[in-house]
Amino acid sequence: MFATSSWDSDLYGMKSLTDLFGCFKRNPRRGDEPASANQSTSDSPPMGAVASGMPPPKRRAPTETKTPPGERNVDDTGVPLKEALKQANDAKIAVFCSGNDEEEEKQISEIEAILKTLKDPPETEKPLEIPEVQRIQVNSSSKKAIQYLTLHDSWPLIYIKGNAVGGLKELKALKQDYLKEWLRDHTYDLIVIGGGSGGLAAAREAARLGKKVACLDFVKPSPQGTTWGLGGTCVNVGCIPKKLMHQASLLGHSIHDAKKFGWKLPEGKIEHQWGHMRDSIQDHIASLNWGYRVQLREKTVTYINSYGEFTGPFEISATNKKKKVEKLTADRFLIATGLRPKYPDYPGVKEYTITSDDLFQLPYSPGKTLCVGASYVSLECAGFLHGLGFDVTVMVRSILLRGFDQDMAERIRKHMIAYGLKFESGVPTRIEQIEEKTDEKAGRYRVFWPKKNEETGEETEVSEEYNTILYAIGREAVTDDVGLDSIGVERAKSKKVIGRREQSTTIPWVYAIGDVLEGTPELTPVAIQAGRVLMRRIFEGANELTEYEQIPTTVFTPLEYGCCGLAEEDAIKKYGKENIIIYHNVFNPLEYTIPERMDKDHCYLKLICLRNEEEKVVGFHILTPNAGEVTQGFGIALKLAAKKADFDRLIGIHPTVAESFTTLTLEKKDGDEELQASGC
């Protein structure tokens with residue numbers, strides 16, 4: 001499961017929060033990139049590795065005032081924003097206010113009255129101390145910045161133990177016993193549930209800031225019994241083993257290319273050893289697992305290999321593999337439990353099929369394989385398995401790569417067919433086991449599905465025999481067994497946490513990042529960035545936000561697909577076809593010419609631009625070898641609101657595939673003939 005900056009943006013037509021409010025700025029710290037909390041109004045949503053993108057904020061950033069930047073705060077009084085946020089984070093109870101307002105005073109008095117009702121009777125052995133409410137008066141610019149930072153419109157704005165609660169209405173909505181417990185002391189400042197990329201990044205950052213942190217991680221075995229170590233999906237059953245197997249597949253082609261370049265290879269058939277590759281990859285992953293444990297220890301994070309579940313608003317019951325339960329309490333909680341693969345509902349599917357949770361530790365060579373699903377996971381696995389020499393079929397219900405640019409998805413399909421993969425349209429309805437699998441050998445299964453006759457339109461049941469059936473039809477959030485409903489954390493139909501930014505909309509001391517936060521791209525770097533930024537915000541009062549727009553990503557199909565920004569369909573929907581201009585071309589990578597690789601006929605790139613905004617680039621797409629490296633580099637151009645003219649005046653590095661973006665002149669039009677590539 002696959003940076004932000006407050007740029008001085010006058011050159012690029014963007015407005016930073018400093019421009020908006022005259023106060024929203026932090027000094028860069030060693031080891032992290034600066035970040036901005038807003039985007040240009042024409043910024044595009046991200047293209048994640050799933051059909052998922054961050055929705056628009058619940059409220060837009062305030063428009064810039066007419067007061068010149070240098071004079072903006074002359075008539076305003078109050079604590080400077082940076083200091084105000086720090087005070088709110090350090091105080092047990094704080095209220096942001098504007099001062100000199102009768103209605104504000106009335107509300108603050110009511111807040112204080114509510115808090116006084118929490119006082120324990122005098123005879124209580126350890127009575128709860130109700131702290132004084134710290135008033136933090138800020139000016140109008142800081143007020144706008146704080147409201148944008150928290151997405152709370154309520155004013156005065158209450159903070160409890162550094163968490164934005166909202167106004168008087170939100171305070172009243174909290175259960176009184178919850179509020180009372182919140183003010184008590186707890187064992188930890190933060191408990192992180194989930195030891196994946198985002199959870200680990202957040203835990204380490206919080207510990208760096210001097211907080212007492214515990215990180216819980218426990219992997220429930222897959223239906224096939226597969227489990228793994230600390231590090232989450234990306235490290236164990238996602239990005240890392242996937243990229244390594246993709247590389248193994250590419251190396252097979254390089255061996256054949258080598259002959260064309262004059263290398264003399266041993267006579268006879270060159271064969272791939274699945275077991276050797278698997279063991280090498282698992283050894284590398286084991287070293288990463290150990291490294292994460294060492295890092296947590298060095299940062300003084302308490303690592304607990306147990307399954308965490310809320311048994312109280314501030315209490316976690318941690319159950320280890322021996323069923324021993326330990327009770328833990330904290331002031332804040334971070335949900336970073338990630339996703340697990342979905343299964344359809346029909347007999348035998350969990351007994352006879354595998355998912356990406358199992359593939360990378362498969363004890364036997366997979367043999368003839370059926371990959372069910374049109375997701376990037378399905379296509380990536382199908383691609384490297386075929387490249388390793390296996391007979392692979394991809395079964396899809398409808399379109400490939402939903403949520404991605406469909407022109408690019410169709411080009412991927414055409415390339416994979418030319419590459420030797422087979423595609424079937426349909427959905428399996430049942431599976432019959434012919435021969436049981438062993439630790440040394442794949443089983444044999446017959447898969448049945450309905451197939452429509454193209455001429456008559458009639459459906460008949462057809463079947464095919466396979467050794468391995470891999471399901472990759474999507475993933476769902478691991479939140480059912482965490483106890484979120486028991487304390488009132490609001491979840492979406494997707495089972496993800498509904499957040500105001502990363503903060504739960506209903507329980508303000510609970511946060512979520514990464515794949516379990518509703519509306520967030522399901523990508524590892526997103527979770528890592530969000531975890532670090534969130535920790536600085538809630539523990540230091542840093543005025544920074546994670547930017548969920550224009551996130552570059554890559555699908556590691558045999559010919560890699562890199563993208564950043566809008567898909568062609570989304571650009572047309574958002575801006576209108578008449579306002580979109582698309583520059584595109586095909587190209588022939590030099591390294592493909594001598595070996596005469598079939599891939600050379602499928603390399604393609606395009607830039608999607610806004611005609612009425614000086615051809616600002618809102619979509620970047622490329623199908624090429626090493627697309628990930630190319631896309632990461634060009635992603636910064638979209639972050640800086642680059643125009644087509646900026647690409648034109650950039651001098652390319654020759655000979656590379658990336659230089660093709662500096663020489664684009666062909667405009668894509670309906671009805672054009674297929675482009676033909678030529679050499680340099």
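**A tour of one cavity and one sheet**

The largest cavity has a volume of about 170 Å³. The model is predicted, and residue numbers count from 1 along the chain.

**Stop 1: the cavity**

Select Thr-150, Tyr-159, Ala-164, Arg-537 and Ile-538 to find the place: of the 17 residues that line the largest cavity, these lie nearest its centre.

Next, colour four elements: helix 2 (81-90), helix 4 (140-150), strand 4 (163-166) and helix 16 (524-540). At least two residues of the cavity lining come from each of them. Which helix gives the largest share of the lining? Helix 16 does, with 3 residues.

By type, the lining of the largest cavity holds 8 nonpolar, 6 polar and 3 charged residues.

**Stop 2: the two domains around the cavity**

Now colour domain 1 (67-183) and domain 2 (188-341 + 476-540). Where does the largest cavity lie with respect to these domains? Both of them give residues to its lining, so the cavity lies between them.

**Stop 3: the sheet**

Move to strands 15, 16 and 17. These 3 strands make an open sheet in the order 15-16-17, with antiparallel pairing. Strand 15 (430-435) and strand 17 (459-466) are at the edges; each has a single partner strand, so one side of each has no neighbour in the sheet. From one strand to the next, the twist averages 25 degrees.

Strands of a sheet pair through backbone hydrogen bonds. For a closer look, select strand 16 (residues 444-452) together with strand 17: the two run antiparallel and are joined by 8 bridges. To end the tour, pick Phe-448 and then Ser-463, its bridge partner in strand 17.

Note on methods. Predicted model: local features only at pLDDT ≥ 70, side-chain atom pairs only at ≥ 80, totals over all residues. Heavy atoms only, no water. 1 Å grid on protein atoms, 1.4 Å probe; cavity = no way out; pocket = protein on both sides within 12 Å on 5 of 7 lines; lining within 4 Å. Points joined across faces, edges and corners; volume = space filled by probe spheres on them. Nonpolar A, V, L, I, M, F, W, Y, C, P; charged D, E, K, R; others polar. Domains from an automatic or database assignment. Pairing = 2+ DSSP bridges. Axes fitted to C-alpha atoms, helices over the stretch in contact; angles between N-to-C directions.
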